[in-house]
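Here is a guided walk through one chain. Keep the sequence and the 3D view side by side as you read.

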Amino acid sequence: MTNQKQSAPDAQAAIEEELIQTVVDSFATCTDDRLKELMQSLTKHLHAFIRDVRLTEDEWNGAIEFLTEAGHITDDKRQEFILLSDVFGASMQTINVNNEVHDNATEATVFGPFFVDDAPQIEIGGDISGGAQGQACWVEGTVKDTEGNPLPGARIEVWEADEEGFYDVQHSDGRVYGRAHLFSDENGKYNFWGLTPTPYPIPHDGPVGRLLESVGRSPMRASHLHFMVSAERQRTLVTHIFVTGDELLTHDSVFGVKQSLIKDFVQQPAGTPTPDGRDLADASWARAEFDIVLPPAAV
Ligand code: BEZ
Ligand code: FE
């Protein structure tokens, strides 16, 4: 076998593999071990992809144009790269990796781009809807640790779209609706009025929307209500609850649905007495329960 001339495919593979090694080695001088690990692993996976699909130069140029367009449409209100990460399931996978299954802790899901820091505070039993259109919905539950101890004073941020599928921040006039924060009481209990969630599309008027369209995928998200819950010494939870029976549960555009987060939003016919005596006139309403379990923070 010695001195035998390499076959063309072997010579080709050798050239490709040598390049990978050269690029990997180019990061060897990095003094930040984690950065070195990230760059070297990324190099190997990226080259494996290029070789696996035998990427054409036109395809590579198309990808660069796509990313350039994503850059051009991105500003302080529109983040096309987050959407791209979301529709590849990369956001969701990063969440999975960083929120390891922990006893009975409530599962996490995607943050999304529509959270704002300074949402109004409401009292327990208050209304987050801020006058937005939609069916009134009573949401209640308890915040506990994984041992079952109630967590008083947990900060609960909630946000959602109106029945037209828009968040307040998608309007350019500074209006505030569909968001608030409140604190759990001395028994860890909370409740508030919001809107029964309805489905809406992720922003799809840019390159990510075109990508979804060209592969026959829908931009729609399953109906949901966002939560971010934090308490001293506990891991902060970013999650949503979804609506039992929503037909989008099986094909949420950002892969955010987890079985444990699907809740019954029980319809209450008009005239059904409300938990706090609120008068909803002739309107039907809904109610949902969501108990939240926070694991201990990593030490
Ligand atoms: C959201 O749920 O608000 C969302 C998540 C990912 C992409 C776009 C929107
Ligand atoms: Fe959302």
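**Charge, overall form and two sheet regions**

The chain carries 22 positive and 49 negative side chains. The centres of these two sets lie 4 Å apart. Keep in mind that this is a predicted model.

Now take in the whole chain. It holds 6 helices and 12 strands. Its radius of gyration is 24 Å, whereas the globule rule gives 19 Å for 299 residues. The chain is therefore more spread out than a compact globule. Along the principal axes, the C-alpha atoms fill a box of roughly 90 × 45 × 35 Å.

How much of the chain is buried? Buried residues make up 40% of the 299. The accessible surface comes to about 17,100 Å². Carbon and sulfur atoms account for 53% of that surface. Contacts often link distant parts of the sequence: of those with a separation of 6 or more, 70% are between residues 24 or more positions apart.

Start the tour of the strands at β1, residues 136-145. Of its 10 residues, 8 are buried, so β1 is largely enclosed by the rest of the structure. Strands of a sheet pair through backbone hydrogen bonds, either parallel or antiparallel. β1 takes part in both kinds. With β4 (residues 189-195) the pairing is antiparallel, over 7 bridges. There, Val 139 stands opposite Phe 192. With β11 (residues 285-289) the sense is parallel, and 4 bridges join the two strands. Look for Cys 137 facing Ala 286 in that pair. β12 (residues 292-294) also runs parallel to β1, joined by 3 bridges. Here Lys 144 has Val 293 as its bridge partner.

Next, find the open sheet. Five strands form it, in the order β3-β2-β7-β8-β9, with mixed pairing. Its edge strands are β3 (179-183) and β9 (262-263), and each of them pairs on one side only.

Work through this sheet one pair at a time. β2 (residues 155-159) and β7 (residues 224-230) run antiparallel, with 5 bridges between them. One bridge pairs Ile 156 with Val 229 in β7. β7 is also antiparallel to β8, this time over 6 bridges. Phe 227 stands opposite Thr 239 in β8. The step from β8 to β9 is parallel, with 2 bridges. Val 243 has Lys 263 in β9 as its bridge partner.

Pause at β8, residues 237-243. Is this strand covered or open? It is mostly covered, with 7 of its 7 residues buried. In a regular strand the side chains alternate between the two faces of the sheet. In β8, both faces are covered. On one side, Leu 237, Thr 239, Ile 241 and Val 243 are buried. On the other, Val 238, His 240 and Phe 242 are buried as well.

Two residues of β8 lead to the next stop, Val 110. Both Val 238 and His 240 are in contact with Val 110. Val 110 sits in the loop between α5 (90-98) and β1. Although it is in a loop, Val 110 has a relative accessible area of 4%. Anything under 20% counts as buried, so Val 110 qualifies. Leaving aside neighbours within four places in sequence, its contacts also include Asp 86, Ser 91, Met 92, Ile 95, Arg 221, His 226 and Val 254. Take Ile 95 as an example. Ile 95 and Val 110 are 15 residues apart along the chain, and their C-alpha atoms are separated by 7.1 Å.

Finish with two arginines in loops. Arg 233 lies between β7 and β8. These strands form a hairpin with 6 residues between them. Arg 233 has a positive phi of about 65°, although it is not a glycine. Its relative accessibility is 66%, and it counts as exposed.

Arg 54 is found elsewhere, in the loop between α2 (33-53) and α3 (57-73). Arg 54 is not a glycine, yet its phi is positive, at about 45°. With a relative accessible area of 48%, Arg 54 is partly exposed.

Methods:
Residues are numbered from 1 along each chain as its sequence is written. Chains are lettered from A and ligands numbered from 1 in the order in which they are written. This is a predicted model: local features need pLDDT of at least 70, side-chain atom pairs count only at pLDDT 80 or more; totals for chains, interfaces and linings use all residues. Side-chain values use heavy atoms; hydrogens and water are left out. The radius of gyration is taken over C-alpha atoms; the globule rule is 2.2 Å times the number of residues to the power 0.38. Buried means under 20% relative accessible area, exposed over 50%, partly exposed in between (1.4 Å probe, protein chains only). Contact means heavy atoms within 4.5 Å. Accessible areas come from the Shrake-Rupley method with a 1.4 Å probe; for residues, only the protein chains shown count as cover. Lys and Arg count as positive and Asp and Glu as negative; His and the chain ends are not counted. The place of a charge is taken as NZ of Lys, CZ of Arg, CG of Asp or CD of Glu. Two strands pair if DSSP finds at least two bridges between them.
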